[in-house]
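Here's a quick walk through the model, starting with the rings and working outwards to the helices and cores. Keep the viewer open as you read.

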Amino acid sequence: MSNIPNAPITNFSHCHEGILRQLKAMEALPAQALAAERARQAAESTRNFFRDVIFNHHEEEERVLFEAVLASAEPGAELAHVKVITDRLTREHRQIEALWAKLEPQLKKMAKGQSVAIDLAAMQQLVNAYQAHAAFEEALFLPLSETILSRNSNHMAALGLSLHVRHITQAPSPT
């Protein structure tokens with residue numbers, strides 16, 4: 001019975017525990033808001049990068065580099081080999097773009113600050129696919145391209161001019 005008179009005091013003590021726990025959670029809000037803003041900016045930056053860089057890079061490879069290498073490859077086995085590689089790389093471009101199409105709406109929501117559950121498996125699949133694509137291209141196709149195009153300095157110069165013209169025509173207007 002001697003505990004009953006102290007019960008109201010104990011209730012106040014327990015209330016303070018809950019209040020202090022909530023205040024501790026509130027103290028974390030600035031860091032969480034900063035993290036959320038960074039995530040929002042990263043999502044927007046990633047969307048812009050895919051749209052402005054990666055898609056253009058794929059198009060440039062397919063329409064300029066692949067065509068130049070195919071046109072310069074020696075008929076027969078070398079041309080057939082280049083065709084197999086460029087077909088593979090083009091398929092990989094489409095696969096990567098399809099993976100991106102699944103993730104982009106999620107990143108669009110995130111970029112707007114909306115709550116969204118990112119498909120982590122799809123994101124990892126995209127990252128893995130692009131890493132494998134880039135490694136294959138860097139290890140096999142680009143050295144082969146250099147070998148083929150270097151045989152004729154006019155072919156390398158034509159590739160350089162074609163890339164230069166594409167970049168000039170894609171540059172934003174100064175007005």
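## Aromatic rings

Phe-50, Phe-55 and Trp-100 come together as one aromatic cluster. Keep in mind that this is a predicted model. The structure holds three aromatic pairs. Take Phe-50 and Phe-55: their ring centres sit 6.1 Å apart and their planes meet at 70 degrees, so this pair counts as edge-to-face. How buried or exposed are the two partners? Phe-50 has a relative accessible area of 8%, which makes it buried, while Phe-55 comes out at 27% and is partly exposed.

Phe-66 and Phe-141 make another edge-to-face pair, with 5.2 Å from centre to centre and 80 degrees between the planes. This one links distant parts of the chain: Phe-66 belongs to helix H2 (residues 29-72) and Phe-141 to helix H4 (residues 120-150), 75 residues apart. Both Phe-66 and Phe-141 are buried.

There's also a charge over a ring to look at. Arg-88 lies over the face of Phe-136, 3.5 Å from the ring centre. Phe-136 is itself on the list of buried residues in H4.

## The overall layout

Zooming out, the protein chain has five helices and zero strands, so to put it in DSSP terms, the elements read α-α-α-α-α from the N terminus on. Of the 175 residues in the protein chain, 25% are buried. What share of the contacts with a separation of 6 or more comes from residues 24 or more positions apart? That share is 76%.

## Helix lengths and bends

H2 has 44 residues, which should span 64 Å at 1.5 Å a residue; its end C-alpha atoms are 60 Å apart, and that agrees. Where does H2 bend? The bend is at Phe-50, by about 40 degrees. Phe-50 is also a member of the aromatic cluster with Phe-55 and Trp-100.

H3 has 35 residues and covers 48 Å from its first C-alpha to its last, close to the 51 Å expected at 1.5 Å a residue. H3 bends by about 35 degrees at Leu-103, with a proline, Pro-105, following within four residues. Just after H3, Gly-113 takes a positive phi of about 80 degrees.

For the 31 residues of H4, the expected span at 1.5 Å a residue is 45 Å; the end C-alpha atoms are 43 Å apart, which agrees. H4 has a kink of about 40 degrees, centred on Glu-138. Its buried residues include Ala-122, Leu-126, His-133, Glu-137, Leu-144 and Ser-145.

## Two nonpolar cores

The largest nonpolar core has 13 residues, and those touching the most other members are Leu-65, Val-69, Val-82, Ile-85, Leu-89, Phe-141 and Ile-148. H2, helix H3 (77-111) and H4 each supply at least two residues of this core. Which helix gives the largest share? It's H4, with five residues.

Val-69 is a handy place to look at the packing. Not counting residues up to four places away in sequence, Val-69 touches Val-82, Phe-141, Ser-145, Ile-148 and Leu-149. Apart from the largest core lies another, of 12 residues, with Ala-43, Trp-100, Ile-118 and Ala-122 among them.

## Where H2 meets the end of H3

Met-110 is found in helix H3. What does Met-110 touch, leaving aside its neighbours within four places in sequence? Its contacts are Ala-39, Arg-40, Ala-43, Val-116 and Ile-118. Ala-43 and Ile-118 are also among the residues of the 12-residue core. Met-110 and Glu-44 are 66 residues apart in sequence, yet 7.9 Å apart in space, C-alpha to C-alpha.

Glu-37 is another residue to check; you'll find it in helix H2. Glu-37 has a relative accessible area of 31%, so it counts as partly exposed. Glu-37 and Lys-112 are 75 residues apart in sequence, with 10.0 Å between them in space, C-alpha to C-alpha.

Terms used:
Residues are numbered from 1 along each chain as its sequence is written. This is a predicted model: local features need pLDDT of at least 70, side-chain atom pairs count only at pLDDT 80 or more; totals for chains, interfaces and linings use all residues. Side-chain values use heavy atoms; hydrogens and water are left out. Rings of Phe, Tyr and Trp (its six-membered ring) pair if their centres lie within 6.5 Å; planes under 30 degrees apart count as stacked, over 60 as edge-to-face and the rest as tilted. Buried means under 20% relative accessible area, exposed over 50%, partly exposed in between (1.4 Å probe, protein chains only). A charge sits over a ring if NZ of Lys or CZ of Arg is within 6 Å of the ring centre and within 35 degrees of the ring normal. The expected span of a helix is 1.5 Å times one less than its number of residues. The bend at a residue is the angle between axes fitted to the seven residues ending there and the seven starting there. A nonpolar core is a set of buried Ala, Val, Leu, Ile, Met, Phe, Trp, Tyr and Cys residues joined through side-chain atoms within 4.5 Å. Contact means heavy atoms within 4.5 Å.
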